[in-house]
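Biologist: Could you take me through the side-chain contacts in this structure, beginning with the aromatic rings? I am new to this, so please explain each term as you go.

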Amino acid sequence: MRRLLARRMKFHLFGAFFVSVGCAALYKFGIAEPRKRAYAEFYKNYDPMKDFQAMRAAGVFESAPPK
């Protein structure tokens, strides 16, 4: 029973470290990178003036009435 806490603490500390690194890697490559690619693809062909004119024609803005 001597040093039981120290041995178990060492095991759990390494385990927690590897689990947290694994979760961070899964988030980065499973969520963050695909999201970055999707935003880059969207803004590659995005025309803000065309979008503004469409919203203006739909009557979204109060200060810019539809024509």
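Modeller: Searching the whole structure turns up five aromatic pairs (rings of Phe, Tyr and Trp, the last by its six-membered ring, pair if their centres lie within 6.5 Å; planes under 30 degrees apart count as stacked, over 60 as edge-to-face and the rest as tilted). One of these pairs joins F42 and Y43, which meet edge-to-face, 5.0 Å centre to centre and with 80° between the planes. F42, Y43 and Y46 make up one aromatic cluster. F42 is partly exposed, because its relative accessible area is 47% (buried means under 20%, exposed over 50%, partly exposed in between, with a 1.4 Å probe and protein chains only).

A word on where this comes from: the model is predicted, local features need pLDDT of at least 70, side-chain atom pairs count only at pLDDT 80 or more, and totals for chains, interfaces and linings use all residues. Residues are numbered from 1 along each chain as its sequence is written, and side-chain values use heavy atoms, leaving out hydrogens and water.

Another ring has a charge for company: the charged end of K28 sits over the ring of F29, 5.7 Å from its centre (the rule asks for NZ of Lys or CZ of Arg within 6 Å of the ring centre and within 35 degrees of the ring normal). K28 also forms a salt bridge with E33, where the closest N and O atoms are 2.9 Å apart (a side-chain nitrogen of Lys or Arg within 4 Å of a carboxyl oxygen of Asp or Glu). E33 forms a salt bridge with K36 as well, at 3.5 Å between the closest N and O atoms. Together, K28, E33 and K36 are linked in a network of salt bridges. K36 and E33 both lie in helix α1, three residues apart, about one turn of the helix (helices, H or I, are DSSP runs of at least four residues, numbered from the N terminus). K28 is partly exposed at 38% relative accessible area, whereas K36 counts as exposed at 51%.

The count of salt bridges comes to three, and one of them joins the side chains of E41 and K44 (3.3 Å, N to O). E41 and K44 are separated by about one helical turn because they are three residues apart in helix α1. K44 counts as exposed, with 58% relative accessibility, while E41 is partly exposed at 45%.

Conventions:
Helix = DSSP H or I, 4+ residues; strand = E, 2+ residues; numbered from the N terminus.
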